[in-house]
Amino acid sequence: MEAIEKEIQQKKKWHLLLLDVCKKYRLFTYIPIVFLSISSFSLRNKNEVLVKRVVRLETVNEALVSNMILYNRRFETFPMPVFQKLKRSNQFIAQYFNPAYVNLLGHNFEYNRYKYIGKTDYDYYPKRVADLYYNFDVSVAFTGFPMKIKVTIKDSSNTNLNVEVMKWRQIREEDTLIYGMIILEKLM
């Protein structure tokens, strides 16, 4: 029992000595500062690597968007609003909008078609409307038959327009593309 008490007393002495040294040389202040400095340096290096990756990905993304416009250049001067979606797993991702589409429905994405590319209908329309569009996209994607649907859309002046949307499928390599063309009722 005495041996255990002596051992405890000796440990207390070492702890007190260590505490005194830490206080005397302000190690409780300097050790955290050193630790924070090292971790800050490490985080800064990781941040620089991430910034470079983001810049590279943005450049690649810009190239892909411009390639998509080149691929669809036949629709650039087409007078009817045309769009293209790409099927990825269970989603249909917007890939292309011609200038006529941007003029008609650009108010939904601030007239910047690049802002809407890469998004789904659920990002810009109410769930009920997005569900309707999704169901027609799925039908066209799996059957391969072109479809026409009548819908009501709002233009930039918040006026309801009755339109027909004609959708068709194109398979390119392993990708399923859904094209759509909006036919205004005035023209029908």
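Which residues of the largest nonpolar core touch the most other members?

## Nonpolar cores

In this predicted model, the largest nonpolar core holds 21 residues, and Phe 97, Tyr 101, Ile 153 and Ile 182 are those that touch the most other members. At least two residues of this core come from each of β2, α3, α5, β3 and β4. The greatest contribution is that of α3, which supplies four residues. A further core, of 10 residues, lies apart from this one and includes Val 82, Leu 86, Leu 177 and Ile 183.

The surroundings of Phe 97 can be listed in detail. With residues up to four places away in sequence left out, Phe 97 touches Glu 76, Val 82, Phe 83, Val 102, Arg 113, Tyr 116 and Ile 117.

## Aromatic pairs

The model contains 10 aromatic pairs. One of them joins Tyr 122 and Tyr 134, with 6.4 Å from centre to centre and 55° between the planes, and this pair is classed as tilted. Tyr 122 belongs to the loop between α4 and α5, whereas Tyr 134 belongs to helix α5, so the pair ties together parts that lie 12 residues apart in sequence. Tyr 122 has a relative accessibility of 38% and therefore counts as partly exposed. Tyr 134 is likewise partly exposed, at 25% relative accessible area.

Ring pairs also link Phe 83, Phe 97, Tyr 101, Tyr 116 and Tyr 124 into a cluster. Two members of this cluster, Phe 97 and Tyr 101, are also among the residues of the largest nonpolar core that touch the most other members.

## The largest pocket

The largest pocket encloses about 460 Å³ of space. It is lined by 24 residues, of which Tyr 125, Val 129, Tyr 133, Thr 152 and Ile 153 are the closest to its centre. Two or more lining residues come from each of β1 (82-88), β2 (91-97), α3 (99-105), α5 (127-143), β3 (147-154) and β4 (160-172).

By residue class, the lining of the largest pocket comprises 15 nonpolar, four polar and five charged residues. Ile 153, one of the residues closest to the pocket centre, is also named among the best-connected members of the largest nonpolar core, in that it is one of those touching the most other members.

## Two buried threonines

Thr 120 is located in the loop between α4 (113-116) and α5. Its relative accessibility is 12%, so Thr 120 counts as buried, the cut-off being under 20%. Beyond its neighbours within four places in sequence, Thr 120 is in contact with Gln 91, Phe 92 and Ile 93.

Thr 176 is placed in strand β5 (residues 175-184). With a relative accessible area of 15%, Thr 176 is also buried. Residues up to four places away in sequence not being counted, Thr 176 touches Lys 85, Leu 86, Lys 87, Ala 141, Arg 169, Gln 170 and Ile 171. One of these contacts, Leu 86, is a member of the core of 10 residues.

## Helix α1 and a long separation

Leu 19 is part of helix α1 (residues 2-24). Because its relative accessibility is 32%, Leu 19 counts as partly exposed. The C-alpha atoms of Leu 19 and Leu 161 are 79 Å apart in space, and the two residues are 142 residues apart in sequence.

Definitions and conventions
Residues numbered from 1 in each chain as written. Predicted model: local features only at pLDDT ≥ 70, side-chain atom pairs only at ≥ 80, totals over all residues. Heavy atoms only, no water. 1 Å grid on protein atoms, 1.4 Å probe; cavity = no way out; pocket = protein on both sides within 12 Å on 5 of 7 lines; lining within 4 Å. Points joined across faces, edges and corners; volume = space filled by probe spheres on them. Nonpolar A, V, L, I, M, F, W, Y, C, P; charged D, E, K, R; others polar. Buried < 20%, exposed > 50% of the residue type's maximum accessible area, 1.4 Å probe, protein only. Contact = heavy atoms within 4.5 Å. Phe/Tyr/Trp six-rings, centres within 6.5 Å; stacked < 30°, edge-to-face > 60°. Core = buried A, V, L, I, M, F, W, Y, C linked by side-chain atoms within 4.5 Å.
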